[in-house]
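The following paragraphs guide the reader through one protein chain, from its overall layout to its helix contacts and its pockets. The sequence and the structure should be kept in view throughout.

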Amino acid sequence: MAGHSKWATTKRQKAVVDAKRGKIFTKIGNMIAIAARNGSDPTTNPALALAIDKAKAANMPNDNIKRAIERAADKSAAALTEELYAAYGPGGLAILIQVATDNRNRTLPEIKSILAKNGATLVDVAAVLYQFTKQTEDGELQYVPNFPIDLSEADAAAADTLLDTLDDHDDVQNLHTNLA
C-alpha cells in the first residue's frame, strides 16, 4: 500500500473545489459591488437584492456579502467598471463578453490573448450587438440572440473551449452567444 494516501487524494479534490468556489465568489462579489453603487439597501435596490440572492444560492458567507457591499461604499478602493466586449469565434459565433474590472489596461489584453489563442477576434461592440435583444429573463437583463446559429462539430468543440476559457477569467461576469 505504499504511496497510497486517502488524505492526499481528498486534499487535492478539496483544493480543486475550493478554487472553483473562490472564482464563483469573486464573480458574485464583483456583481454585488457594482449593484451596491446604486444604494446599499437591498429593499430599495433590486439589482443588489438579485445579486445577494445569487450569492446566497451559491452558499456565499454573509461576511463576504457584507464586504462586497462595503467595497462599493469605500471611495479609496479601486472602482470596478463594467465593460462590454464583442468577438467573433469559430464558425461565425457572435460573443458578447461582460466584464467587471478594476484595471482596463490589464483586462483587455488578457481577453484579446484568450480570443487569439482560441481562433476568435475582438471586434467593435456594434458589429455584434445588433444580433441580440436585451430582455428581462430570470429577474435580470440578458442578451437574447435574434438569429441563433448551429455550429459544426469541430466548430462547436472549438467554441466550447473558447467559452470555457473566457468564463474562467476572473473579470468575466457573463457570456452571451448566438448559439441555437
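In what follows, the axis of a helix is a line fitted to its C-alpha atoms over the stretch in contact, and the angle between two axes runs from 0 to 180 degrees between N-to-C directions. The structure to which this is applied is a predicted model.

The chain contains six helices and six strands. In sequence order, these elements follow the pattern α-α-α-β-β-α-β-α-β-β-α-β. The C-alpha trace spans about 60 × 40 × 30 Å along its principal axes.

The packing of helix 2 against helix 3 may be considered to begin with. Helix 3 comprises residues 62-73, and its axis lies 10 Å from that of helix 2, at an angle of about 150°. An angle over 145 degrees counts as roughly antiparallel, and helix 2 and helix 3 are therefore roughly antiparallel to each other. Their crossing is right-handed. On the side of helix 2, the contact involves Leu 48, Ile 52, Ala 55 and Lys 56, which meet Asn 62, Ile 65 and Ile 69 of helix 3. Five of these contact residues are nonpolar, one is polar and one is charged.

Helix 3 also packs against helix 1, with the two axes 8 Å apart and at an angle of about 45°. That angle makes helix 1 oblique to helix 3. The crossing of helix 1 with helix 3 is again a right-handed one. Helix 1 contributes Phe 25, Gly 29, Asn 30, Ile 32 and Ala 33 to the contact, while helix 3 contributes Asn 64, Ile 65, Ala 68, Ile 69, Arg 71 and Ala 72. By class, this contact holds seven nonpolar, three polar and one charged residues. Ile 65 and Ile 69 of helix 3 thus take part in the contact with helix 2 and in the contact with helix 1.

A further pair is formed by helix 4, residues 104-117, and helix 6, residues 153-168, whose axes are 10 Å apart at an angle of about 160°. These two helices are therefore roughly antiparallel to each other, and their crossing is right-handed. Ile 111, Ile 114 and Leu 115 of helix 4 make the contact with Leu 162, Thr 165 and Leu 166 of helix 6. This contact has five nonpolar residues, one polar residue and no charged residue.

Attention now turns to the pockets. The largest has a volume of about 540 Å³. It is lined by 20 residues, of which Met 31, Glu 82, Gln 98, Glu 140 and Asn 174 are the closest to its centre. Helix 1, helix 2, strand 1, strand 2, strand 5 and strand 6 each give two or more residues to this lining. The lining divides into eleven nonpolar, five polar and four charged residues.

The second largest pocket has a volume of about 230 Å³. Among the residues that line it are Lys 20, Lys 23, Lys 27, Met 31, Asp 167 and Asn 174. Helix 1, helix 6 and strand 6 each supply two or more residues to the lining of this second pocket, and the largest share, six residues, comes from helix 1. Its lining has three nonpolar, two polar and six charged residues. Met 31 and Asn 174 therefore appear in the linings of both pockets.

Note on methods
Residues are numbered from 1 along each chain as its sequence is written. This is a predicted model: local features need pLDDT of at least 70, side-chain atom pairs count only at pLDDT 80 or more; totals for chains, interfaces and linings use all residues. Side-chain values use heavy atoms; hydrogens and water are left out. Helices (H or I, at least four residues) and strands (E, at least two) are DSSP runs, numbered from the N terminus. Angles under 35 degrees count as roughly parallel, over 145 as roughly antiparallel, 65 to 115 as roughly perpendicular and the rest as oblique. A crossing is left-handed if the near helix is turned anticlockwise from the far one by less than a right angle, and right-handed if clockwise. Contact means heavy atoms within 4.5 Å. Ala, Val, Leu, Ile, Met, Phe, Trp, Tyr, Cys and Pro count as nonpolar, Asp, Glu, Lys and Arg as charged, and the others, Gly among them, as polar. On a 1 Å grid over the protein atoms alone, a cavity is a set of points where a 1.4 Å probe fits but cannot get out, and a pocket is an open set with protein on both sides within 12 Å along at least five of seven lines; lining residues have an atom within 4 Å of a point. Grid points are joined across faces, edges and corners, and a volume is the space filled by probe spheres set on the points.
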